[in-house]
Amino acid sequence: MNSPKSKKSSSPSEIAGSIGSAVGGIVGAAAGTIASGVAQIASQVMPKGGLAENVPSEVAVSASVTMPPTDEEIGRRAYEIYLSEGCPEGRSHEHWLQAERELSQASGS
């Protein structure tokens, strides 16, 4: 009589480890391929000395990103407006909007 071949059963942690290793290998390979492609494109598009050396300073300054005013800055300015108007009641929302508008125009955002 022939006995059926017994299969080695794997524990859940062994299976999870095998799957993790396979996925890790696939993700690692994909990341390497993407990084290589980005480097190749950048070398074709980017000027030899890099961007900063080839852009006139006027352009670099005007292209800088301006951040919108923070809530703290707006709150400080709204309080200044409130004080300058004699501390009127019930106008905090108007003061906030005015401060936000003034600061946004000043920062160019």
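Helices in this text are DSSP runs of at least four residues, numbered from the N terminus. The model examined here is predicted. The exercises concern helices H4 and H5 and the side chains that join them.

**Exercise 1. Determine how Glu80 and Arg77 are placed relative to each other in helix H4, and what links their side chains.**

Step 1. Glu80 and Arg77 are 3 residues apart in helix H4, and therefore about one helical turn separates them.

Step 2. An α-helix has 3.6 residues a turn, so residues three or four places apart point the same way.

Step 3. The two side chains form a salt bridge, with 3.1 Å between the closest N and O atoms. The cut-off for such a pair is 4 Å.

Step 4. Glu80 has a relative accessible area of 42% and is partly exposed. Arg77 is also partly exposed, at 25% relative accessibility.

**Exercise 2. Identify which residue of helix H5 pairs with Arg77, and state what the pair ties together.**

Step 1. Arg77 meets Glu102 in a salt bridge, at 2.6 Å from N to O.

Step 2. Because Arg77 lies in helix H4 and Glu102 in helix H5 (residues 92–107), this pair ties together parts that are 25 residues apart in sequence.

Step 3. Glu102 is partly exposed, its relative accessible area being 28%.

Step 4. A network of salt bridges links Arg77, Glu80 and Glu102.

**Exercise 3. Describe the salt bridge that Glu72 forms, and state whether each partner is exposed or partly exposed.**

Step 1. The partner of Glu72 is Arg76, and the closest N and O atoms are 2.7 Å apart.

Step 2. Both belong to helix H4 (residues 71–84), where they are 4 residues apart, which means a separation of about one helical turn.

Step 3. Side chains of opposite charge can pair when their charged atoms come close.

Step 4. Glu72 has a relative accessible area of 56%, and the limit for an exposed residue is over 50%; therefore Glu72 is exposed. Arg76, at 45%, counts as partly exposed.

Step 5. In total, the structure holds 5 salt bridges.

**Exercise 4. Establish which residues of H4 are buried and how they are arranged around its axis.**

Step 1. H4 has 14 residues and reaches 20 Å from its first C-alpha to its last, close to the 20 Å expected at 1.5 Å a residue.

Step 2. Its buried residues are Ile74, Ala78 and Ile81. Viewed down the axis of H4, these buried residues fall within an arc of 60°, so they line one face of the helix.

Step 3. The face turned away from the buried side carries the exposed residues Glu72 and Ser84.

Step 4. H5 is included in what covers the buried residues of H4.

Step 5. After H4 comes Gly86, which has a positive phi near 85°.

**Exercise 5. Carry out the corresponding analysis for H5.**

Step 1. H5 has 16 residues, and its span from first to last C-alpha is 22 Å, close to the 22 Å expected at 1.5 Å a residue.

Step 2. His95, Ala99 and Ser104 are buried in H5. Seen down the axis of H5, its buried residues fall within an arc of 155°, so they line one face of the helix.

Step 3. On the other side of H5, His93 and Gln105 are exposed.

Step 4. The cover over the buried residues of H5 includes H4.

Step 5. Gly108, just after H5, takes a positive phi of about 80°.

**Exercise 6. Trace the contacts of His95 and Ile81 beyond their neighbours within four places in sequence.**

Step 1. His95 lies in helix H5 and is buried, at 2% relative accessibility. Ile81 lies in helix H4 and is buried, with a relative accessible area of 2%.

Step 2. Beyond those neighbours, His95 is in contact with Ala78, Ile81, Tyr82, Glu85 and Pro88.

Step 3. With the corresponding neighbours set aside, Ile81 is in contact with His95, Gln98, Ala99 and Glu102.

Step 4. Ile81 and His95 are 14 residues apart along the chain, and their C-alpha atoms are separated by 6.3 Å.

Step 5. For a further pair, Gly75 and Ser92 are 17 residues apart in sequence, with 9.7 Å from C-alpha to C-alpha. Gly75 is in helix H4 and counts as partly exposed, at 26% relative accessibility.

Definitions and conventions. Residues are numbered from 1 along each chain as its sequence is written. This is a predicted model: local features need pLDDT of at least 70, side-chain atom pairs count only at pLDDT 80 or more; totals for chains, interfaces and linings use all residues. Side-chain values use heavy atoms; hydrogens and water are left out. Helices (H or I, at least four residues) and strands (E, at least two) are DSSP runs, numbered from the N terminus. Buried means under 20% relative accessible area, exposed over 50%, partly exposed in between (1.4 Å probe, protein chains only). The expected span of a helix is 1.5 Å times one less than its number of residues. The arc is that of the directions from the helix axis to the C-beta atoms. Contact means heavy atoms within 4.5 Å.
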